[in-house]
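Let's walk through this structure together, from its overall layout to its core and then to a helix at the edge of the story. Please keep the sequence and the model side by side as you read.

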Amino acid sequence: MVEDSTLRSPGRRLTKQRRLILRILESRRDHPGALEILEEAKKVQPSISLGTVYRNLKVLAEQGVIKEISTLGEGSRFDAQPVPHSHLVCRRCGKVIDVPFDLSETLDAEVSKQTGYLSVSHALTFYGVCPDCATEAERKRGWATERDEKSEEG
Ligand SMILES: [Zn+2]
Ligand SMILES: [Zn+2]
């Protein structure tokens, strides 16, 4: 296979890969993980590795271009939507959805005022059990929060 990228510096190649990864992430609304992004990236660039995808996702997250969402053991998920919003993660299947209403934007200003930190932002992630993962019995019990669940155990 003829590789035109051999003439380019490693840095430039990295930039091209990063742009590909970002474009894939921007086209999706389902908060994919590194493996899912790798699958799509391979259609364009078959030689791309999971390590490369992961490294570039980390850099993009550090730069604040994308958001990294922790799923408690299922591996990080990623989001390129620029509008600030919170996430809700299923503790069982790791599915990530956007919280469908706006949470107080005054939080950042309040934290800044109280601490003296500048350029404050926040990442709020909720964890729960999605309707697909909850059993019939659990749905019948109808506990809405983890605290409800715990209080029923004793
Ligand atoms: Zn689930
Ligand atoms: Zn999101």
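From the N terminus on, the elements of the protein chain follow the order α-α-α-β-β-β-β-α-β-α-α, which gives 6 helices and 5 strands. Here helices (H or I, at least four residues) and strands (E, at least two) are DSSP runs, numbered from the N terminus. This is a predicted model, in which local features need pLDDT of at least 70 and side-chain atom pairs count only at pLDDT 80 or more, while totals for chains, interfaces and linings use all residues. Residues are numbered from 1 along each chain as its sequence is written, and chains are lettered from A and ligands numbered from 1 in the order in which they are written.

How much of the chain is buried? Of the 154 residues in the protein chain, 15% are buried, that is, they have 20 or more other C-beta atoms within 10 Å of their own, with C-beta atoms placed from the backbone.

Now look for the largest nonpolar core, a set of buried Ala, Val, Leu, Ile, Met, Phe, Trp, Tyr and Cys residues joined through C-beta atoms within 7 Å. This core has 11 residues: I21, I24, L25, A34, I37, L38, A41, V53, L57, I66 and F78. Helix 1 (10-26), helix 2 (34-44) and helix 3 (50-62) each supply at least two of them, and the largest share, 4 residues, comes from helix 2. Leaving aside residues up to four places away in sequence, I21 touches I37, A41, V53, N56 and L57, where contact requires C-beta atoms, placed from the backbone, within 7 Å.

Helix 4 (residues 106-115) is hardly covered, with 0 buried residues among its 10. After helix 4 comes G116, whose phi is positive, near 80°.

Terms used: Buried ≥ 20, exposed ≤ 12 C-beta atoms within 10 Å, placed from the backbone. Contact = placed C-beta atoms within 7 Å.
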